[in-house]
Amino acid sequence: MYRPARVTSASRSLNPYLVFFVVVAVVVILAVIIGLLVYFLAFDQKSYFYQSSIQILGKQYSDELSSPATEKYRTLSGRIESMITKTFKESDLKNEFIKAHVVKLRQSGNNVIADIIMKFKFTRRINEASMKSRIESILRQMPNNSEDLNMNPTQVISITGQDTIQLFTRECGVRSDLITLSEERIIGGSKAEKGDWPWQVSLQWSSSHRCGGALISNRWILSAAHCFRSHSDPRQWIATFGTSTISPQLRVGVRNILIHDNYKPETHENDIALVQLDREVTFNRYIHTVCLPEANQAISAGSTAYVTGWGSQSYSGSTVSDLNQGRVNIISNTVCNTPAGYNGAVLSGMLCAGLPEGGVDACQGDSGGPLVQEDSRQHWFIVGIVSWGYQCGLPDKPGVYTRVTAYRDWITQQTDFEHFQFARKIVGQLSQLQGKNKFFDRK
């Protein structure tokens, strides 16, 4: 008779630590596999950009549709973008569609053509040709005669991110977040990031930052007249671009400087100047123009604006090397001119911006820099030029800016006259002007 072999207690039961290790390993492996599957199926997405042109049938083209600064341009473009968005949000691509933006309105016979860019997010494994056909099909489903717009979309073209940048930088007032058609838009803190304010210019005399400016074309910079009272030779000025004055992205020489004929340093009236570069600037994602407002563009008291520059952080302080930004509110001239404020010194060609309690303001070194506002389509407009103020950031003593809308015609006249006469009254004559004010120019 066989006797069963003796089984030890160690053989009868597995080591509990080994069991725990095996279970944990299996769970981890399963979790990794599931995570990878979820990632590749749902989160491994890539941004895709598409361009198309939409004919607006029966819509008469006018000069007002040539500039994104006009209300007519904003209204028509906004309606087109809203209809495209509504169409895709009601389609089977509602989760993949991100945004649509009109980059240009142009004339075609009796019709208007809107050039648009659309952004989608798909997984990397999509059939791009098939997806393009789906987008075209959905785009053609836009209802005609809706809101008085009879729209006829043309072929959809797939474009690269670089193509998108080139198309957007032809527009004025476009920040990096709009170029990427991003849904998240944050402006916070005091330090500006690369591409936040691509029109910002540092005007440097003998390689030292003196004033700010704003790029308004590939050859012209808008700044303040008082920046050039004591430094009149254009050959000694350099314009730099980028967020750093120490290591800028681009340096360009100055050919000429034009100041307003009626600039009065004693009262700060007509404190505006144009700087002509000695060569054209090639636009890119980080260097391009801000929009000029129309002469009749409303600037509402209480609305938000941003001032940018390399000025000092406190009165009588030193300028900084990294571009800073400040969020302020527009203050009516009536409020600004109260006895507690500037007691009538703010004239009709000027604009106030700051906070009632103070604390955020332009300061020395910010002179000539832009005060900008954003419109409903994420385009930015220069509404003010840093001009003067009492110290910096004090309650009831906001920054005072040259009101750009009041000089819109002057800017157009000067910049349209490319072959202007060099015998014209220029900056050198200003160096003879003297006069001290209790309110300082912010250079």
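These are my notebook entries on a predicted model, taken up in the order in which I looked things up.

**Entry 1: the annotated site**

I began with the UniProt record, an unreviewed entry, which lists H226, D271 and S367 under "active site". I then checked how these positions lie in space, and found that, although they are spread over 142 residues of sequence, they cluster, with a largest C-alpha distance of 10.3 Å.

I looked next at where two of them sit. H226 is placed in the loop between β8 (220–223) and β9 (237–241), while D271 belongs to the loop between β10 (250–259) and β11 (273–277). Are these two residues buried or exposed? For H226 I noted a relative accessible area of 0%, so I entered H226 as buried, and for D271 the value is also 0%, so D271 went down as buried too.

I then asked what links the two, and found that the side chains of D271 and H226 are joined by a polar contact of 2.7 Å. Leaving aside residues up to four places away in sequence, I listed the contacts of D271 as S223, A224, A225, H226, Y263, S387 and T402.

**Entry 2: the surroundings of R74**

I moved on to R74, which I located in helix α3 (residues 71–89). Its relative accessible area is 12%, and because buried means under 20%, I counted R74 as buried.

Which partners does the side chain of R74 have? It reaches the backbone oxygen of A69 at 3.0 Å, and a polar contact of 3.1 Å joins it to the side chain of E71. Not counting residues up to four places away in sequence, R74 touches P68, A69, Q297, D375, S376, R377 and F381.

**Entry 3: the nonpolar cores**

I turned to the largest nonpolar core, which has 46 residues, and noted that I221, L222, F241 and I382 touch the most other members. The elements giving two or more residues to this core are β6 (200–205), β7 (208–215), β8, β9, β10, β11, β16 (380–389) and α8 (408–416). Which element gives the largest share? I found that β10 does, with five residues.

I followed I221 further and, setting aside residues up to four places away in sequence, recorded its contacts as V201, L203, G213, A214, L215, A239, F241, A273, L274, V275 and L277. Apart from this core I noted another, of 32 residues, with Y48, Y73, M83 and I126 among them.

**Entry 4: strand β16 and its neighbours**

My last look was at β16, and I wanted to know why it is described as largely enclosed by the rest of the structure. The reason I wrote down is that 10 of the 10 residues of β16 are buried.

I then traced the pairing of β16 with two other strands. Strand β15 (residues 370–374) pairs with β16 in the antiparallel sense over five bridges, and I picked out P370, whose bridge partner in β16 is I385. The hairpin of β15 and β16 has five residues between the strands, and there I noted that Q378 takes a positive phi near 70°.

How many bridges join β16 to strand β17 (residues 399–403)? I counted four, with the two strands running antiparallel, and I noted that W388 has V400 as its bridge partner in β17.

Conventions. Residues are numbered from 1 along each chain as its sequence is written. This is a predicted model: local features need pLDDT of at least 70, side-chain atom pairs count only at pLDDT 80 or more; totals for chains, interfaces and linings use all residues. Side-chain values use heavy atoms; hydrogens and water are left out. UniProt positions are given in the numbering used here, feature names are shortened, and annotations may be inferred rather than shown by experiment. Buried means under 20% relative accessible area, exposed over 50%, partly exposed in between (1.4 Å probe, protein chains only). Contact means heavy atoms within 4.5 Å. A polar contact is a pair of N or O atoms within 3.5 Å; within protein, one must be able to donate a hydrogen and the other to accept it, and residues adjacent in sequence count only if both atoms are side-chain atoms. A nonpolar core is a set of buried Ala, Val, Leu, Ile, Met, Phe, Trp, Tyr and Cys residues joined through side-chain atoms within 4.5 Å. Two strands pair if DSSP finds at least two bridges between them.
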